[in-house]
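User: Please take a close look at a single part of the model shown below and describe its side-chain contacts, its surface and its surroundings. A formal account with explicit cut-offs would suit my purpose.

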Amino acid sequence: MKRFLKNLGFRKPDEMERHIIFRAQRNSYFFLMAALLIWSFWESCKVYIYHTRLNLIPCLLLAGAALIQSFSQLVMTRNAVKDDEDSFETAPLLKIIVLVCVTASAIATAGAALLLMGVRT
């Protein structure tokens with residue numbers, strides 16, 4: 001299978017190609033985060049100016065992108081120092097646990113708020 005992929009031009013990129021790919025992905029990530037942030041502010045301004053309902057899609061996408069980026073960075077940091085005997089750093093695991101707990105709490109709070117908003121007294 002490796003030989004087949006190598007013949008098709010799928011080979012492991014060298015250091016320079018990986019650096020270029022990393023910078024391109026980082027630039028596209030910053031662009032998407034900026035676009036989502038601007039879209040969120042635009043939707044908020046529309047709510048305050050025109051008294052319309054808030055569109056939560058850009059806010060949720062922005063929060064989801066930040067959450068995925070933080071979680072993947074913590075997991076990759078943990079995997080990088082996991083087998084290193086000189087590193088006694090357990091902070092990435094603790095940060096992952098805290099991030100998961102905060103995310104679960106935020107989801108539970110949002111779910112409870114939606115549930116309570118739907119209940120009429």
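Analyst: A disulfide is taken here as a pair of cysteine sulfur atoms within 2.5 Å. By that criterion the structure holds 0 disulfides. The model is a predicted one, in which local features require pLDDT of at least 70 and side-chain atom pairs count only at pLDDT 80 or more, while totals for chains, interfaces and linings use all residues. Residues are numbered from 1 along each chain as its sequence is written, and side-chain values rest on heavy atoms, with hydrogens and water left out.

Accessibility is graded as buried (under 20% relative accessible area), exposed (over 50%) or partly exposed in between, using a 1.4 Å probe and protein chains only. Cysteine 45 is partly exposed, at a relative accessible area of 39%, and cysteine 59 is likewise partly exposed, at 28%.

The part chosen for close reading is helix α2, which covers residues 15-50. Helices (H or I, at least four residues) and strands (E, at least two) are DSSP runs numbered from the N terminus. The protein chain contains 4 helices and 0 strands, and the pattern along its sequence reads α-α-α-α. Of its 121 residues, 11% count as buried.

Two ion pairs belong to this helix. In general, side chains of opposite charge can pair when their charged atoms come close. The rule applied is a side-chain nitrogen of Lys or Arg within 4 Å of a carboxyl oxygen of Asp or Glu, and it yields 2 salt bridges. One of them joins glutamate 15 to arginine 18, with 2.9 Å between the closest N and O atoms. These partners lie in α2, 3 residues apart, which is about one turn of the helix. Glutamate 15 is exposed because its relative accessibility is 57%, whereas arginine 18 is partly exposed at 42%.

The other bridge links glutamate 43 with lysine 46, where the closest N and O atoms are 3.7 Å apart. Here too the two residues sit in α2 with a spacing of 3 residues, about one turn. Which accessibility class does glutamate 43 fall into? With a relative accessible area of 7%, glutamate 43 is buried. Its partner, lysine 46, counts as partly exposed at 27%.

Aromatic contacts come next. Rings of Phe, Tyr and Trp (its six-membered ring) are paired if their centres lie within 6.5 Å; planes under 30 degrees apart are stacked, over 60 edge-to-face, and the rest tilted. The structure holds 1 aromatic pair. It is formed by tyrosine 29 and phenylalanine 30, whose ring centres are 6.1 Å apart and whose planes make an angle of 50°, so the pair is tilted. Tyrosine 29 is partly exposed, with a relative accessibility of 26%.

On the surface, Trp39, Trp42, Ile57 and Leu61 make up a nonpolar patch whose accessible area totals about 430 Å². The elements that each contribute two or more residues to the patch are α2 and α3 (57-81). Patch members have over 30% relative accessible area and no salt bridge; like charges are joined within 9 Å, and nonpolar side chains (Val, Leu, Ile, Met, Phe, Trp, Tyr) within 5 Å. The areas come from the Shrake-Rupley method with a 1.4 Å probe, only the protein chains shown counting as cover for residues. Tryptophan 42 is a residue of α2 and is exposed, at 53% relative accessible area.

The loop between α2 and α3 includes histidine 51. Histidine 51 has a phi near 55°, a positive value in a residue other than glycine, and it is exposed, with a relative accessibility of 68%. Leucine 54 belongs to that loop as well and is partly exposed at 43%. Where does leucine 54 stand relative to glutamate 43? The two are 11 residues apart in sequence but 6.6 Å apart in space, C-alpha to C-alpha.

Beyond the loop, α3 has 25 residues and reaches 36 Å from its first C-alpha to its last, close to the 36 Å expected, that expectation being 1.5 Å times one less than the number of residues. Its buried residues are Pro58, Leu62 and Leu74.
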